[in-house]
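Dear colleague,

I am handing over the structure below, together with some notes on what turned up when I went through it. Please read the notes with the coordinates open beside you.

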Number of protein chains: 2
Amino acid sequence: MAEKRKRVAIEEEDEGERPREAPRQQGLAALNFRKKLKSDAVILATIKALCKAEQAAEVQNRSLADLHLPHAFKEVADLSPDSVVTEIEKCILSVAKSILAGHGFGFSVPSRSGANQLYVPELDRIVLKDKSSMREFANSSSVRKTAITTRILQLIHQLCIKQIHVTKRDLFYTDVKLFQDQGQSDAVLDDVSCMLGCTRSSLNVVASEKGVVVGRLIFTEDGDRIDCTKMGVGGKAIPPNIDKVRDMESDALFILLVEKDAAFMRLAEDRFYNRFPCVIITAKGQPDVATRLFLRKMKTDLKLPVLGLVDSDPYGLKILSVYMSGSKNMSYDSYNLTTPDIKWLGVRPSDLNKYKIPEQCRLPMTDQDIKTGKDLLEEDFIKKDQNWYAELELMVKTKEKAEIQALSSFGFQYLSEVYLPTKLQEKDWI
Amino acid sequence: MAEKRKRVAIEEEDEGERPREAPRQQGLAALNFRKKLKSDAVILATIKALCKAEQAAEVQNRSLADLHLPHAFKEVADLSPDSVVTEIEKCILSVAKSILAGHGFGFSVPSRSGANQLYVPELDRIVLKDKSSMREFANSSSVRKTAITTRILQLIHQLCIKQIHVTKRDLFYTDVKLFQDQGQSDAVLDDVSCMLGCTRSSLNVVASEKGVVVGRLIFTEDGDRIDCTKMGVGGKAIPPNIDKVRDMESDALFILLVEKDAAFMRLAEDRFYNRFPCVIITAKGQPDVATRLFLRKMKTDLKLPVLGLVDSDPYGLKILSVYMSGSKNMSYDSYNLTTPDIKWLGVRPSDLNKYKIPEQCRLPMTDQDIKTGKDLLEEDFIKKDQNWYAELELMVKTKEKAEIQALSSFGFQYLSEVYLPTKLQEKDWI
């Protein structure tokens, strides 16, 4: 009892939210970084150099065709609703001709299986090779899929004529009897994207929105002019349909991609983007299609470097990889969905010791975490960059992870006032 | 094979997204409702009457004190950061006095257990009775909790002085060694709200944001003037901290509270609020604190009726109940978190037959659904309204549920063009 009381009393006395109240070593660590911070003008010059490099590098950006690879590839592009309508009509016309010629009713559908996927290191993304197979109505194993494909084509045709957007769930409910479960209509939707050679957003079928954006960005959404510096602390919800987003303008020097909304909220409330001109974006966890499209559009239109701030765990790294290299499931659309060359700003495994994150704020990795980490070490996008590889190796070796929030142990505003400015000043991204 | 082909062929021929292509009976149902729609001016007059009734009724709104109930109650109010600082200092001063007087170190903490909660039908919400207990440092069973309470008080004191907001997760990370797991710091946070008699948002500890709003609403957020008619199709993200929201203005006639973001997206894209002046809000599923606070503030400041559009299942009804009566976990804060008198517009169990939702778009309720439905039948907020009770009884009896999206079987825009206008025209809310 006495011992317990003593322990509590000591903690109460020694620790505090403000750095100066923290235990000696920890407090000193926090103080040291704060002291080493140069003026904002110096830090701004550093970011300006990064921004310039980005704008110069962008010119060399290569497409699949530039690489002259031995394979042929299936890639999709954004098409206007009118073009999608035309493509569908062409497709159905050729089916009709095939029937009249006695060759039967069927579609040639690109394969989206793992064997038909390829990671292209020069582009740093997964692409789809050009294998495809016939989906025939006069075949008992594919008759249902052929019918579903025809129905989806008809529905998409209507959506594009009416120029309205629906979710996958809406689409499923238009014909539950045929589709049976949503998995079937969803899968055929991806097939149809590949067949028509257009992105899924061109089909006017959108995912639900999750992301928010705040900072030095102005854009037009469905005719409304939106100024993201005037979006309070909550930010602007990212729209589900990217084709309604136009005319992006910005005086930002970089884009800060944040994994979680707690960190987003801290930075928005502190109006971090006014001190260091930037755009802050988050998908609140796992990246959704709308946020990925929005990030890509920002990077492409504004030619800004993207800095990633994620948890120091395999999951955080996986999130960065989805933004950068795409998910295997939608590899046919990787060109439009991925944002190449995201810099890993933090929280990196090496930061844990460098910034002296207290032991009790680090979490032991679970067996599943360690397995995921080891699997990631085998992934191409990690292997091609030795700095990333070394960081992940350190994580797996120390078996320690930490959330962005762990920085709160030095004070609630340590993230925006010390950690990020120090990172920017030291060019501490990889 | 031949049979299969025939079945598919018939479906392809008979059904379609547009009502005129739907099977006879279904198509007629959809068409009938469309034909029965009067002009928008007539429908607007109906809603105006509802709006007027709301503004007249609001005056009679009663508080706990007005009811002269035999119990005493513990309720909390919004306090300014300065007042919270004062309350904390008063609290600590009385602890110091108690120690000096030889009575020891302890806090009087209101009980938040089920036994101390009461549903007040006159107010239609759950409130907390005034039972409380001493949390003493000189007691091995409560020493840790006393220490945690003191630490939380100190952290809140700093937050209110600095006038910044953090999440529960940030708070936890400031002293992981003491709190051990977030459950412990979260629970004490609610205790501290009750002790100080203020809402959790007054403590400057906020939940993560999830909700979005669009439509005829203008407000100021942290100094920025925000016009929700100019928020494109994505809408404005609801801020985590309601105290930054000020000066709401609106020419809307009602607030449309939507359960899911798919329906929100449909209404936003169709700019439903331009045809029928309203504000559309969703928490994208389970209501979060920020959305509940925002809804309440809209209803209180603008004196507008709230119409709820949820799935026809026990979960949808539960969501309405959380908005209206609050969750048991935060009953001490029910006054600030709840929005009384939400009208249940749809999708109601009786709509399934009335609007002839096709069989295949209705889903059978699982055993768990039926159990949840039966439990809800016992709840006070259902029992007090016989119309609500009858609807839920019908749901449990037919064992059928349906999502809002099921309306897409009559066409993607059936929700915004036929279903909702018909509902408004017929005053079909309960």
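**Contacts between the chains**

At 11% relative accessibility, Asp224(A) counts as buried, where buried means under 20% relative accessible area, exposed means over 50% and partly exposed lies in between (1.4 Å probe, protein chains only). Please keep in mind that this is a predicted model, in which local features need pLDDT of at least 70 and side-chain atom pairs count only at pLDDT 80 or more, while totals for chains, interfaces and linings use all residues. Residues are numbered from 1 along each chain as its sequence is written, chains are lettered from A and ligands numbered from 1 in the order in which they are written, and side-chain values use heavy atoms, with hydrogens and water left out.

The side chain of Asp224(A) meets that of Arg271(B) in a salt bridge of 3.1 Å, N to O, the term standing for a side-chain nitrogen of Lys or Arg within 4 Å of a carboxyl oxygen of Asp or Glu. Arg271(B) lies in the loop between α9 and α10 (272-275) of chain B, whereas Asp224(A) belongs to strand β10 (residues 224-227) of chain A, so the pair joins two chains; helices (H or I, at least four residues) and strands (E, at least two) are DSSP runs, numbered from the N terminus. Arg271(B) is also buried, at 16% relative accessibility. With the chains exchanged, Arg271(A) forms a salt bridge with Asp224(B), and there the closest N and O atoms are 3.1 Å apart. Asp224(A) and Arg271(B) also take part in a network of salt bridges that links them with Asp222(A), Lys244(A), Arg266(B), Glu269(B) and Asp270(B).

Between chain B and chain A the count is eight salt bridges, and there are 32 residue pairs in polar contact, both residues at pLDDT 80 or more. A polar contact is a pair of N or O atoms within 3.5 Å; within protein, one must be able to donate a hydrogen and the other to accept it, and residues adjacent in sequence count only if both atoms are side-chain atoms. On the side of chain B that touches chain A, the elements that give two or more residues include α1 (2-14), α5 (143-162) and β10 (224-227) of chain B, and α5(B) gives the most, with ten residues. In total, 77 residues of chain B are in contact (heavy atoms within 4.5 Å) with 77 residues of chain A. The area buried between the two chains, that is, the accessible area (1.4 Å probe) that they lose on being put together, summed over both, is about 6900 Å², of which carbon and sulfur atoms give 54%.

One further link across the chains involves Glu403(B), which sits in the loop between β18 (400-401) and α18 (414-425) of chain B and is joined to Arg169(A) by a side-chain polar contact of 2.2 Å. Glu403(B) counts as buried at 12% relative accessibility.

**The annotated site in chain A**

Under "binding site", an unreviewed UniProt entry lists Glu259(A) and Asp311(A); such annotations may be inferred rather than shown by experiment. The two span 53 residues in sequence, yet their C-alpha atoms are no more than 7.2 Å apart, so they gather at one spot. Glu259(A) is placed in the loop between β13 (254-258) and α9 (261-269) of chain A and is buried, with a relative accessible area of 4%. Asp311(A), in the loop between β15 (306-309) and α12 (314-325) of chain A, is buried as well, at 3%. The side chain of Asp311(A) makes a polar contact of 2.6 Å with that of Lys260(A), and a polar atom of the Asp311(A) side chain lies 2.8 Å from the backbone nitrogen of Ile404(A).

**Links within a chain**

Within chain A, Arg112(A) and Asp190(A) meet through their side chains in a salt bridge (3.8 Å, N to O). Arg112(A) is partly exposed, with a relative accessible area of 21%, whereas Asp190(A) is buried at 5%. Within chain B, Lys299(B) forms a salt bridge with Glu54(B), the closest N and O atoms being 2.7 Å apart; this pair links distant parts of the chain, from helix α11 (residues 289-302) to helix α3 (residues 40-57) of chain B, 245 residues apart. Both Lys299(B) and Glu54(B) are buried.

With best regards
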